[in-house]
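Reader: I have a new structure open and would like to learn how to read it. Could you walk me through a few of its features?

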Amino acid sequence: MLLRYKYLLLFAWVLAEQVGVPLPSAPVLMAAGALSAERQIGFLLALAISISASIIPDSLWFFVGRKYGSRVLNLLNRSSLRPTSCIRSARDSLARRGGPFLLVAKFVPGVSLVAAPLAGQSGMGFGLFLLLDGLGSVLWVGAFLAAGRYFGDLLKQNRILNWASHFSVALVILAVATFFLNRVYRRRLVMRRLAASRVEPEELKKRLDAGESVYIVDLRHPLELLPDPFTIPGAHRFSPEELAARQSEIPRDRDIVLYCTCPSEATAARTAMMLQKLGIKCVRPLRGGFDEWKRLGYPLEPVPPVIPFALSTQSAHESARRLWCK
């Protein structure tokens, strides 16, 4: 396929993955690197084309994330085949490492797609984003092209690999099909568990109005509060990691309701399962999370403003950490 379409296929495949189509580019990049060892594809030209195919959609996602924020991030996560990953890992990495996180984001499955819109939402300047994203694209594309070129000679010397090359199309199709089926199976399994345990917003509202003592936990990341600095009345704000570490503070004599803004309440469901394994049984995610509660017009409480993105400043990281722990 690469011999027939060469750079057009390479550009289209990398572009499709960066746009959001769940087709891994690594096999195509490595194949291009292997062909460059035989002088059938130019290594530097393949590098430049692949980097361009990566930067163009990333730039578009950056501006979409800046304009639409959490809405586009939730849309991307909803279409993902990794529902439990959500976007929290990307937010945590960006908060800890700042802009340099973009240098390695493309190597992390599930995180690479949301890194660009998340950077836009967090207030990073486009010039800085373009520099870091470009360097990250060079590292990502260069690593797979170089690996393919290094192992290209083995394809000619090793009989097993040479035999496998004749069935490469079938092997790629089999690998992609296995990837999809595995993701779909895991998604359905998680969704089935979630549907059996979550609590409806109407039920929670009635219980609060009746004066019942329900322990509500807001699992949202501080960056999610930038466009919407409100929380459900009486909610305690914890990260999933803090909640597990401070499990002794969680009451056992009443229901625990968790909520986030992830599609299908992925973070809340995952955290609920984690707490149940720790022996806390009465834990339920809120269906629709914060967005559904707000859409229904139920009461909200304001929270302190969150500091926007500030690159590599210790004070900003410390302030965000103190705010998160409140």
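Author: Happily; we will go through some helix pairs, then a long stretch of helix, and then two single residues. Keep in mind that this is a predicted model.

Reader: Where do I begin with two helices that pack together?

Author: Two packed helices are described by two things, the angle between their axes and the distance between those axes. Take helix H4 (residues 43–68) and helix H7 (residues 112–121): their axes are 6 Å apart, and the angle is about 45 degrees. That angle makes H4 oblique to H7. The crossing of the two is right-handed.

Reader: Which residues of H4 and H7 meet?

Author: From H4 come Asp 58, Trp 61, Phe 62, Gly 65 and Arg 66, and on the H7 side they meet Leu 113, Ala 116, Pro 117, Ala 119, Gly 120 and Gln 121. Sorted by kind, the residues of this contact are 6 nonpolar, 3 polar and 2 charged. As a general idea, an α-helix has 3.6 residues a turn, so residues three or four places apart point the same way.

Reader: Is H7 mostly covered or mostly open?

Author: H7 is mostly covered, with 10 of its 10 residues buried. Among them are Ser 112, Val 114, Ala 115 and Leu 118. After H7 comes Gly 123, which has a positive phi, near 95 degrees.

Reader: What does a different angle look like, say for helix H2 (residues 7–19) and H3?

Author: The H2 and H3 axes cross at roughly 155 degrees and come within 10 Å. An angle over 145 degrees counts as roughly antiparallel, so H2 is roughly antiparallel to H3. Their crossing is left-handed. Leu 10, Trp 13 and Val 14 of H2 meet Val 28, Leu 29 and Ala 32 of H3. The residues of that contact are 6 nonpolar, with no polar and no charged ones.

Reader: And how do H4 and H8 pack?

Author: H4 and H8 have axes 9 Å apart, at an angle of about 145 degrees. Here the crossing is right-handed. The residues in the contact of H4 with H8 divide into 15 nonpolar, 6 polar and 4 charged.

Reader: How far should helix H8 (residues 126–150) span?

Author: With 1.5 Å a residue, its 25 residues should span 36 Å, and the C-alpha atoms at the ends of H8 are 35 Å apart, which agrees. The buried residues of H8 include Phe 129, Leu 132, Asp 133, Trp 140, Val 141 and Leu 145, as well as several glycines, such as Gly 134 and Gly 148.

Reader: Now for a single residue: is Ser 36 buried or exposed?

Author: Ser 36 counts as buried because its relative accessibility is 2%, and buried means under 20%. Ser 36 is found in helix H3 (residues 26–37). Setting aside neighbours within four places in sequence, Ser 36 is in contact with Ile 41, Phe 43 and Arg 149.

Reader: Where is Leu 278, and how should I read its accessibility?

Author: Leu 278 lies in the loop between helix H14 (266–277) and strand S5 (283–285). Its relative accessibility is 36%, so Leu 278 counts as partly exposed.

Reader: Which residues does Leu 278 touch?

Author: Not counting residues up to four places away in sequence, Leu 278 touches Ala 244 and Gln 247. Leu 278 and Gln 247 are 31 residues apart in sequence, while their C-alpha atoms are 8.3 Å apart in space.

How values were computed
Residues numbered from 1 in each chain as written. Predicted model: local features only at pLDDT ≥ 70, side-chain atom pairs only at ≥ 80, totals over all residues. Heavy atoms only, no water. Axes fitted to C-alpha atoms, helices over the stretch in contact; angles between N-to-C directions. Helix = DSSP H or I, 4+ residues; strand = E, 2+ residues; numbered from the N terminus. Parallel < 35°, antiparallel > 145°, perpendicular 65-115°, else oblique. Left-handed = near helix turned anticlockwise from the far one by under 90°. Contact = heavy atoms within 4.5 Å. Nonpolar A, V, L, I, M, F, W, Y, C, P; charged D, E, K, R; others polar. Buried < 20%, exposed > 50% of the residue type's maximum accessible area, 1.4 Å probe, protein only. Expected span 1.5 Å × (residues − 1).
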